[in-house]
Amino acid sequence: MRLLKNGMVFWNLTKGSVNAKEASEALVKLVPPACFATKIPDSSGDKQISKQKQNLLQYPVLPLKETMDRFMATVQPLLTAEEFKKQQQITSDFKDNEGDKLQLLLEEAGKKECNWLADRWQKFAYLQYRDPVTIYVSPGMTFPPASFKDNTEFLNYTAKVIYGLCEFKGVVDAGKIPIVKMGKNELDNGQFGKVFGTCRIPVRITDELIYNPCSKHIVVIYKNHFYKLIPYDKDNKILSAPVLAQQLTSIMNAEKEHGIPFGIFTADTRDNWAEAYEALSKDPDNCKTLTEIQTSLFTVSLDEFVPYEPANRADELILSLIHGGGSKVNTGNRWMDKTIQLVVNPNGNVGFTYEHSPAEGQPIAMMMDYVVKKMEADKKYGECGSNVSQKPEKLKFSTTNPCIDQLLFYSTTYVDKLIKNLQMKVLKFECYGKGYIKSMRLGPDSFVQMALQLAFYKLHKVPAAQYESAHLRIFANGRTETIRSCSNESLAFCKVMTDSGTYLEERVKALRDAVSGHQAYAKQALQGRGVDRHLLGLKLMAEEHNLPIPKFFSSLGYMKSKHYRVSTSQVASVYEAFMGYGPNTADGYGCCYNPRESDIIVAISAWASNEETDPIKFAAALTSAFLEMKAVLDNEAMKSKL
């Protein structure tokens, strides 16, 4: 995200990335193509290794009136006139009574903590979340499609990616991730140090996170078997890609039969997995294996070949990254608790599965860009590393018992049903991209957000509460704020565009007003002046101080505005790559998009169990919205020339 001199938000808002293209290019230039030795810090207890010294802001507590006024503006398009009037009274009562008391408590917390939100958000949004991380939490991030003529090419490619990830970690450890600014403010790079060696641990009620940034091993998973592989020599120099490929080959040659799919447990609900975890942990051998998996820098899933129809390749790719395809495909060949899982299929489908708890998607997207750029620039990339390696060590789980067998049966049944319920359609809109949108003096992110609003309105005849994440990286340990994309302006735009009796001038004005309104809210959110996190903080103050939860938090306006039927993110890349995830609500869609220069890629998800939602129909409606919006702008441009 960049800010123009006039304060308007510039084009490239992403889920967790600011000036991602510039930062990625600068990052690639930092690391020479010659042999690279990573620095492994001595202190294994330091959770944020080699942290760069940065000048970051303290996360504020907003004035209560400012937030409540903004809240009312965001709920108005979702309510009838009568409902809105009632909500005004409820909101006013809350602001003057319980809200004022909770505000004082939150301000006290804000004085004591550099970022009062960070730990609370991680606990509330992630660690206490009891649905599976699979589909519900963890996104998939694709690489550009690859092509392997045989297993040798498949493993050579995988080895180069492993080499690149280790090299990227060396950049992180050295504190050389480029510091980017938004206006005058630096953006926090702390999240880069929280993804390598990190793992979520299932615990009833509230999960835990463990950090092992000083780890020296990775775990390779093949046919549900787990192997510990050390990608460094004794001098901490990264092994060459050919040596890594030899080690991967030895793993594949060693396994002819499938192992017990213990990875299925990690895709189940968190409490079910916690129960199975307790049962597994009773055996010392299992504890050793679990520890090795959890403390690895990342995992590598060597999947078994999955055929696909060429027209549906993108759909198959993102589904394989989100959930693995089920117990009879590759879901058992995962460890969903690991922050970074590299997934490579002999069919050419490659990407990351990303456990979201410790950080946003920016480190993952930048890793992909970094590795792909390096591999494209140098066909011999990774060949100059060390040749002194250790043999991969098989990690063994003990023989199952009736209790574990039964738990595995239940998990397999649940996970397969969950996977069957997810529908995904990847739209590659090729008529234009962000280049055209910018030529019309509009911001691509806000433009796409309004197209999503229009597509939903076309299908469902009502506006959708729409979530878009904005990073809070100008603040120390900042995570995200919500951009509430549904507004009075977006609703007016949808109504004008679906009314055949409106004139061109009306449509142009409505479109530009809607985009401008979204940009204004995005700017506020990036500055920590959104609605959602402040309201969450007030509610948490009531819970932490054993106070009654005010009825405001069960009011119609609050509930409707939090029921995000369209959950969105922009994750930008110059490559034919994209991120995808499941819907936020039972009656909604997940929409993650990559607006490239000449096309727009959108991964659309919905639940098959809901008869109202259909990702294929939504893709068609979104295509129609894109075309209609272009027609309006082209007609405006043509008329201005006359």
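Biologist: In strand 18, what is the bridge partner of Pro595?

Modeller: The partner is Ile600, in this predicted model. Pro595 belongs to strand 17, residues 589–595.

Biologist: How do strand 17 and strand 18 pair, and over how many bridges?

Modeller: They pair in the antiparallel sense, over 6 bridges. A hairpin of 4 residues joins strand 17 to strand 18.

Biologist: What about strand 15 and strand 17, parallel or antiparallel?

Modeller: Parallel, over 5 bridges. Strand 15 covers residues 566–570, and Gln570 stands opposite Tyr593 in strand 17.

Biologist: Is strand 17 buried or exposed?

Modeller: Buried: 7 of its 7 residues are, so strand 17 is largely enclosed by the rest of the structure.

Biologist: Which residues point which way from strand 17?

Modeller: Tyr589, Cys591, Tyr593 and Pro595 point one way. Gly590, Cys592 and Asn594 point the other way. In a regular strand the side chains alternate between the two faces of the sheet.

Biologist: Now the sheet. What order do the strands have?

Modeller: The order is 12-18-17-15-13-14, in an open sheet of 6 strands with mixed pairing. Strand 12 (422–429) and strand 14 (480–484) stand at the edges with a single partner strand each, so one side of each has no neighbour in the sheet. From one strand to the next, the twist averages 25°.

Biologist: Which helix packs on the sheet?

Modeller: Helix 17, residues 532–544, touching strand 13 (466–471) and strand 14. The direction of helix 17 makes about 120° with that of strand 14.

Biologist: Back to the other edge. How many bridges join strand 12 to strand 18?

Modeller: 8 bridges, and the two strands run antiparallel. Strand 18 covers residues 600–607, and Val426 stands opposite Ala603 in strand 18.

Biologist: Different topic: how many disulfides does the structure hold?

Modeller: 0. Cys199 is in no disulfide, and the nearest cysteine sulfur, that of Cys287, is 14 Å away. Cys199 has 0% relative accessibility, so it counts as buried.

Biologist: Where is the nearest cysteine sulfur to Cys592?

Modeller: In Cys591, 9.1 Å away. A disulfide here needs sulfur atoms within 2.5 Å, and Cys592 is in no disulfide. Cys592 is buried as well, with a relative accessible area of 1%.

Biologist: Last one, helix 11. How many of its residues are buried?

Modeller: 14 of the 16, so helix 11 is largely enclosed by the rest of the structure. Helix 11 covers residues 362–377 and reaches 22 Å from its first C-alpha to its last, close to the 22 Å expected at 1.5 Å a residue.

Technical notes
Residues numbered from 1 in each chain as written. Predicted model: local features only at pLDDT ≥ 70, side-chain atom pairs only at ≥ 80, totals over all residues. Heavy atoms only, no water. Pairing = 2+ DSSP bridges. Axes fitted to C-alpha atoms, helices over the stretch in contact; angles between N-to-C directions. Contact = heavy atoms within 4.5 Å. Buried < 20%, exposed > 50% of the residue type's maximum accessible area, 1.4 Å probe, protein only. Expected span 1.5 Å × (residues − 1).
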